[in-house]
Amino acid sequence: MADLSLRNIRKAYGGLEVLHGIDLEIKSGEFIVFVGPSGCGKSTLLRSIAGLETITSGDLVIDGERINAVAPSKRGISMVFQSYALYPHMTVYDNMAFGLRIAGTPKAEIDRRVRHSAEILQLGNYLQRQPKALSGGQRQRVAIGRAIVRNPRIFLFDEPLSNLDAALRVATRIEIAKLKQSMPQVTMIYVTHDQVEAMTLADRIVVFKDGFVEQVGTPTDLYRKPANLFVAQFIGSPAMNILKGTVVDEAGATARCKLDCGGVLELATEPGRLSRGETISVGIRPENTRLGDATGADPTFAGTIDLVEHLGEVQILYLDLPGASEKFLVKVDGESSFARMQTLRFSARRQDIHIFDAAGKAVCVPVK
Ligand SMILES: Nc1ncnc2c1ncn2[C@@H]1O[C@H](COP(=O)(O)OP(=O)(O)OP(=O)(O)O)[C@@H](O)[C@H]1O
Ligand SMILES: [Mg+2]
């Protein structure tokens with residue numbers, strides 16, 4: 001059981017601040033995933049929680065106790081890194097037992113804990129092997145086992161699967177999902193660049209950019225209701241398409257927006273939320289498009305196919321839309337056939353269209 005509060009955490013290296021006042025409340029037993037572009041501060045924050053970095057200011061609080069000055073080994077936190085750094089000359093059993101032996105844990109207790117974690121991680125048959133006789137995925141499981149035997153209150157993972165090949169990643173991701181089920185009381189924070197890992201493992205995802213938190217929410221929340229353009233384009237793969245438009249009329253509860261690619265969108269606004277002349281961004285996910293003209297009042301778009309990407313089950317069509325500098329991606333079934341230079345008409349349901357104001361903030365108004 002461990003609630004973790006991060007209160008106004010700042011971290012600077014030399015004169016350069018890389019975490020700018022992070023506030024986050026994590027509940028006992030939650031599985032939290034950190035995502036964000038390279039260099040945004042994910043590892044720094046994780047290492048600060050573990051005590052491997054000293055924070056410049058702010059408070060780290062576990063179950064009501066301020067732990068800023070508590071030694072890393074006394075925080076009840078285990079961390080698993082991208083590189084598993086096992087002792088090459090020791091067996092799997094000894095690698096897992098090592099930390100407990102150093103801490104003076106009784107032999108019988110060590111044996112019980114090592115065998116228990118080996119069972120959770122399906123390493124029972126490998127206990128007497130040395131790391132060199134294991135696959136990458138098995139080695140990473142030993143590194144996780146080494147963390148489990150310490151009975152942590154909080155488990156930190158920094159991109160634990162990024163050194164594994166695609167198939168092994170999937171298998172080990174499933175192991176981690178099972179690990180979460182078998183340790184429901186342990187709070188976990190997991191850093192990844194992998195969208196599928198983030199979406200499938202997280203209770204809540206924290207999106208970072210440049211040392212700030214952009215949004216915190218369940219995977220579904222972030223996918224359906226991104227708070228700003230950055231999150232909208234960061235969550236989801238391929239990324240959300242963005243079309244530009246200009247507010248040409250704003251009266252009462254309606255704003256009319258002219259799109260650069262042609263056509264007009266009518267938005268139901270709160271008066272004053274958008275102003276005349278303001279540039280807006282209109283977001284549509286590749287998977288939220290439908291071929292052919294809209295029925296009813298949904299908007300219809302048209303573009304020219306520049307590239308067809310076959311992915312087996314689906315195809316991604318890269319379209320040039322008039323007035324758009326970026327390609328517009330449309331996800332379609334894997335069977336129909338499309339040709340380069342073909343004109344494609346497609347529509348999007350009004351409820352699947354995201355609107356962002358000139359500052360990139362989501363405007364929570366429906367398209368009329
Ligand atoms: N020891 C250090 N000294 C100086 N600057 C550092 C140090 N460690 C990290 N930084 C800087 O702090 C920023 C955040 O780095 P961090 O490793 O936390 O990013 P990250 O989000 O984990 O990136 P990645 O996804 O590539 O692992 C970066 O600009 C990095 O260059
Ligand atoms: Mg990192």
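How many salt bridges does a search of the whole structure find? The search of this predicted model finds 23 salt bridges. The legends below visit a few of them, along with a run of paired strands.

**Figure 1. Strands β11 and β12 form a hairpin.** Let's start with β11, which covers residues 241-251, and β12, which covers residues 254-259. The two strands pair in the antiparallel sense, over six bridges. Look for D249, whose bridge partner in β12 is R256. Two residues lie between the strands, and in this turn G252 has a positive phi of about 60 degrees.

**Figure 2. Strand β12 also pairs with β13.** Here β12 meets β13 (residues 264-268) in the antiparallel sense, with five bridges between them. You will recognise R256 from the previous view: its bridge partner in β13 is E266. This hairpin has four residues between its strands, and G262 takes a positive phi near 100 degrees.

**Figure 3. A salt bridge joins the side chains of E17 and R10.** The N to O distance for this pair is 2.9 Å. Are these side chains tucked away or out in the open? E17 is partly exposed, at a relative accessible area of 29%. R10 is partly exposed too, with a value of 28%.

**Figure 4. D203 and K180 meet through a salt bridge between their side chains.** In this close-up the N to O distance is 3.5 Å. The pair links distant parts of the chain, 23 residues apart: D203 sits in the loop between α6 (195-201) and β9 (204-209), while K180 belongs to helix α5 (residues 166-182). D203 counts as partly exposed, at 29% relative accessibility. Its partner K180 is partly exposed as well, with a relative accessible area of 23%.

**Figure 5. The side chains of D293 and R345 form a salt bridge.** For this one, the N to O distance is 2.7 Å. Once again distant parts of the chain are linked, with 52 residues separating the partners. D293 lies in the loop between β15 (289-291) and β16 (300-310), and R345 is found in strand β19 (residues 343-348). Both ends are partly exposed: D293 has a relative accessible area of 46%, and R345 has one of 43%.

**Figure 6. Salt bridges that share partners build one network.** To finish the tour, find D306, D320, K327 and R340, which are joined into this network.

Definitions and conventions:
Residues are numbered from 1 along each chain as its sequence is written. Chains are lettered from A and ligands numbered from 1 in the order in which they are written. This is a predicted model: local features need pLDDT of at least 70, side-chain atom pairs count only at pLDDT 80 or more; totals for chains, interfaces and linings use all residues. Side-chain values use heavy atoms; hydrogens and water are left out. Two strands pair if DSSP finds at least two bridges between them. A salt bridge is a side-chain nitrogen of Lys or Arg within 4 Å of a carboxyl oxygen of Asp or Glu. Buried means under 20% relative accessible area, exposed over 50%, partly exposed in between (1.4 Å probe, protein chains only).
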